[in-house]
Amino acid sequence: MDKKTIAHHFSFDRRLLGRLYWFPFLVYGLCVGLMGILSARSDEPFLPYTVIQGIAVPIAGWHLVFLYRHLYDEGAKDALVWHYRKAVVFDLVRYAVLHGGCIALLVAAVIGIQGTMFLTAPVLGHLFLLFLFYQLIGLALLGVFGSLDVALSVIAVYTFMEVATQGTFMPWPHLFLFQAPADSLSLLLPMMWLGAGIVIAAVLIGREFW
């Protein structure tokens, strides 16, 4: 697909969502400021990186949920599902590329603030899986619940509780890294949960659209 067609799709999305389209990008800007504040007040190198995991990456998955919510308006699904079925893979790819680039810029900002001492290959692998999980789970939950409010509430509550309590609140799957992995198990478990979540989300999306 040529660049003109891709640009047209993004332009259409901007008109469809209006000001709501810019919300994730506004949050990215706030993340940069928050990372600067945290780095100035703490010597912990992993803390600014937590902002990327706990705020930027979850927000990166909201565009598709905003766009696909119209499919679940009363009486709309039977009429529109064929259109969304043709576009869903393309939409997933183009927004993953868009937001993946934004997350990469935020990681570069953390490197500029803290250096690369926290940035290991396993941590980058975990970040990639976390990003992919949040790109899929919003759309999957939207299909399960048929409601924008419920889908975003589930994501927001889980993410907030995990970040606010540093993954100690509930004995549910913990997906985030709040400190540099001390051993292989502390990294393996979150990556296993993320892998399972990605597969489940992909299956749910597949069942919804095919």
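Helices here are DSSP runs of H or I with at least four residues, and strands are runs of E with at least two, both numbered from the N terminus. With that in hand, take residues 185-205: this stretch is 100% helix and 0% strand, and its end C-alpha atoms sit 30 Å apart.

A word on what you're looking at. This is a predicted model, where local features need pLDDT of at least 70 and side-chain atom pairs count only at pLDDT 80 or more, while totals for chains, interfaces and linings use all residues. Residues are numbered from 1 along each chain as its sequence is written, and side-chain values use heavy atoms, with hydrogens and water left out.

The UniProt record (an unreviewed entry) puts "transmembrane region" at residues 20-40, 46-71, 92-111, 117-134, 141-161 and 185-205. Its positions follow the numbering used here, feature names are shortened, and annotations may be inferred rather than shown by experiment. Here are two of those stretches:

| Stretch | Helix | Strand | End C-alpha atoms |
|---|---|---|---|
| Residues 141-161 | 90% | 0% | 18 Å apart |
| Residues 185-205 | 100% | 0% | 30 Å apart |

Next, a helix pair. Helix 5 (residues 77-114) packs against helix 8 (residues 184-209) at an angle of about 130°, with the axes 9 Å apart. Axes are lines fitted to C-alpha atoms, for helices over the stretch in contact, and angles run from 0 to 180 degrees between N-to-C directions. The two helices are therefore oblique to each other, the label left over once angles under 35 degrees (roughly parallel), over 145 (roughly antiparallel) and 65 to 115 (roughly perpendicular) are taken out. Lys77, Val81, Tyr84, Arg85 and Val88 of helix 5 meet Ile205, Glu208 and Phe209 of helix 8, where contact means heavy atoms within 4.5 Å.

Helix 5 is also home to leucine 98. Beyond its neighbours within four places in sequence, leucine 98 touches Phe10, Tyr21 and Phe25. Leucine 98 is partly exposed, with a relative accessible area of 26% (buried is under 20%, exposed over 50%, partly exposed in between, using a 1.4 Å probe and protein chains only).

Now for the rings. Ring pairs tie Tyr21, Trp22, Phe25 and Tyr28 into a cluster; rings of Phe, Tyr and Trp (its six-membered ring) pair if their centres lie within 6.5 Å, with planes under 30 degrees apart called stacked, over 60 edge-to-face and the rest tilted. The structure holds 14 aromatic pairs. One of them joins tyrosine 21 and tryptophan 22 edge-to-face, 5.3 Å centre to centre and 80° between the planes. Tyrosine 21 counts as buried at 3% relative accessibility, whereas tryptophan 22 is partly exposed at 48%.
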